[in-house]
Amino acid sequence: MKTFESLTEQQILALAISLEEEDARIFEDFAAGLQETYPEQAKKFREMRQEEDGHRHRLLELYKKKFGDHVPLIRRQDVRGFVDRRPVWLLRPLRLRAVQNAAEEIELETQRFYEAAAPRMRDANIRQLLGDLAEEERQHAHIAEQIAQADLSEGEEAHAHRLFVLQVIQPGLAGLMDGSVSTLAPLFAAAFATHNSWQTFLVGLAASVGAGISMGFAESLSDDGTLTGRGHPWARGLVCGLMTMLGGIGHTLPYLIPDIKIATTVAVSVVLVELGIISWVRHRYMDTPLTSAVLQVVLGGALVFLAGVLIGNS
């Protein structure tokens, strides 16, 4: 790799041309990835791409006047000082906030490059062009900062809501239901079998952690999100696993109370609160009628609770 200080004026111009071409292609990838979900933001990225193309043409025109038609291939990875960029534009579906952050970093880095390069130019025309481009890149960085803050249209808001449901609510709800319901049987079976709060707590803790790990891996391996649009599999798995563990821990913690009867009473109260929260989430985000959601969740929880009690008393 070459140091920035060792570059000649010709090499700096060639590097600037390469940067503008790469940035333009990245912005076009951003626009293509956002077209279906955020068409207004995609339009802004296409406008930024056109401006980057304009920068490249101005640089090429000046380069040809000064150094001829041959432009040596000098890329950002050939020069020390540039930051490695995460290939956000390769991920699908694109997240607006991640794209906005990546675009802002790109523009700020290019702006700093022009600001550092301009004073080193002996040619007044080159120095003026690089200074002008630095100012324009500063404006682009400000535009990129505002893209994620722009108001979304009704269609974009609806799509964003669907993505939130698919990528966060669904895996989180599945985990919370599994943790809150499936751990009831071993927990209350241990309570009625041992009549010991600490042993019951250990059983509930083990069931909650085990269920969280199992559900997390199951959700992560269910699909990679490419076709379903459900987002990164490990992010979904983390959400699902944590909510599963939280659902089980909620009614396990009361068994830190030494008195088994008081602990069980508190645990049952916590279970009722958990089932109410699950019913509300299903009604709020999954368009399930509230009465139907309550009946489904409470019936399932009651059956599992009774199974635990029967097994614990057998």
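This passage walks through the helices of a predicted model, from the whole chain down to a few single residues.

At the level of the whole chain, the picture is simple to state: 10 helices and zero strands. Read along the sequence, that gives the pattern α-α-α-α-α-α-α-α-α-α. The protein chain has 314 residues, and 44% of them count as buried. About 16400 Å² is exposed, with carbon and sulfur atoms supplying 60% of that area. As for how the chain meets itself, take the contacts between residues at least 6 apart in sequence: 75% of these join residues at least 24 apart.

Helix H2 takes in residues 39-67. Its length checks out against a simple estimate: at 1.5 Å a residue, 29 residues should span 42 Å, and the end C-alpha atoms sit 41 Å apart, so the two agree. A good number of its residues are tucked away from the surface, namely Gln41, Ala42, Phe45, Met48, Glu52, Asp53, His55, Arg56, Leu59, Leu60, Leu62 and Tyr63. That list holds nonpolar side chains such as Phe45 and Leu59, but also charged ones, including Glu52, Asp53 and Arg56. His55 is one of the buried set, and its relative accessible area of 2% falls under the 20% cut-off, which is why it counts as buried. Beyond residues up to four places away in sequence, His55 touches Glu20, Leu133, Glu136, Glu137 and His140. Just after H2 comes Gly68, which has a positive phi, near 100 degrees.

Further along, helix H6 covers residues 184-194, and a loop links it to helix H7 at 197-222. The buried residues of H6 are Leu184, Ala185, Leu187, Phe188, Ala189, Ala190 and Ala191. What follows H6 is His195, with a positive phi near 55 degrees. Most residues other than glycine have a negative phi. His195 is a residue other than glycine, yet its phi is positive. It lies in the loop between H6 and H7, and at a relative accessible area of 56% His195 is exposed, since the cut-off for that class is over 50%.

Over in H7, Ser208 gives the opposite reading on accessibility. Ser208 belongs to helix H7, and it counts as buried because its relative accessibility is 0%. Setting aside neighbours within four places in sequence, Ser208 is in contact with Thr183, Met245, Gly248, Ile249 and Thr252. With Met245 the C-alpha to C-alpha distance is 4.8 Å, even though 37 residues separate the pair in sequence.

The last helix, H10, runs over residues 290-313. Its 24 residues should span 34 Å at 1.5 Å a residue, and the end C-alpha atoms are 34 Å apart, so estimate and model agree. Buried positions in H10 are Ala293, Val297, Gly301, Gly308, Val309 and Gly312.

H10 packs against H6, with axes that come within 7 Å and cross at roughly 30 degrees. The crossing is right-handed. On the H6 side the contact uses Leu184, Ala185, Phe188, Ala189, Phe192 and Ala193, and on the H10 side Gly301, Val304, Phe305, Gly308, Val309, Ile311, Gly312 and Asn313. Sorted by class, that makes 10 nonpolar, four polar and no charged residues.

H10 also meets helix H9, residues 260-285, and here the axes come within 8 Å and cross at roughly 145 degrees. This crossing is right-handed too. H9 brings Val268, Leu275, Ile278, Ser279, Arg282 and His283 to the contact, while H10 brings Leu290, Ala293, Val294, Gln296, Val297, Val298, Gly301 and Phe305. The class count is nine nonpolar, four polar and one charged. Gly301 and Phe305 of H10 appear in the contact with H9 as well as in the contact with H6.

His283 is the residue to look at on the H9 side. It is part of H9 and counts as partly exposed, because its relative accessibility is 35%. Apart from neighbours within four places in sequence, His283 is in contact with Thr288, Pro289 and Leu290. Val294 lies 11 residues away from His283 in sequence and 9.0 Å away in space, C-alpha to C-alpha.

Methods. Residues numbered from 1 in each chain as written. Predicted model: local features only at pLDDT ≥ 70, side-chain atom pairs only at ≥ 80, totals over all residues. Heavy atoms only, no water. Axes fitted to C-alpha atoms, helices over the stretch in contact; angles between N-to-C directions. Helix = DSSP H or I, 4+ residues; strand = E, 2+ residues; numbered from the N terminus. Left-handed = near helix turned anticlockwise from the far one by under 90°. Contact = heavy atoms within 4.5 Å. Buried < 20%, exposed > 50% of the residue type's maximum accessible area, 1.4 Å probe, protein only. Expected span 1.5 Å × (residues − 1). Areas by Shrake-Rupley, 256 points an atom, 1.4 Å probe, with all protein chains shown as cover.
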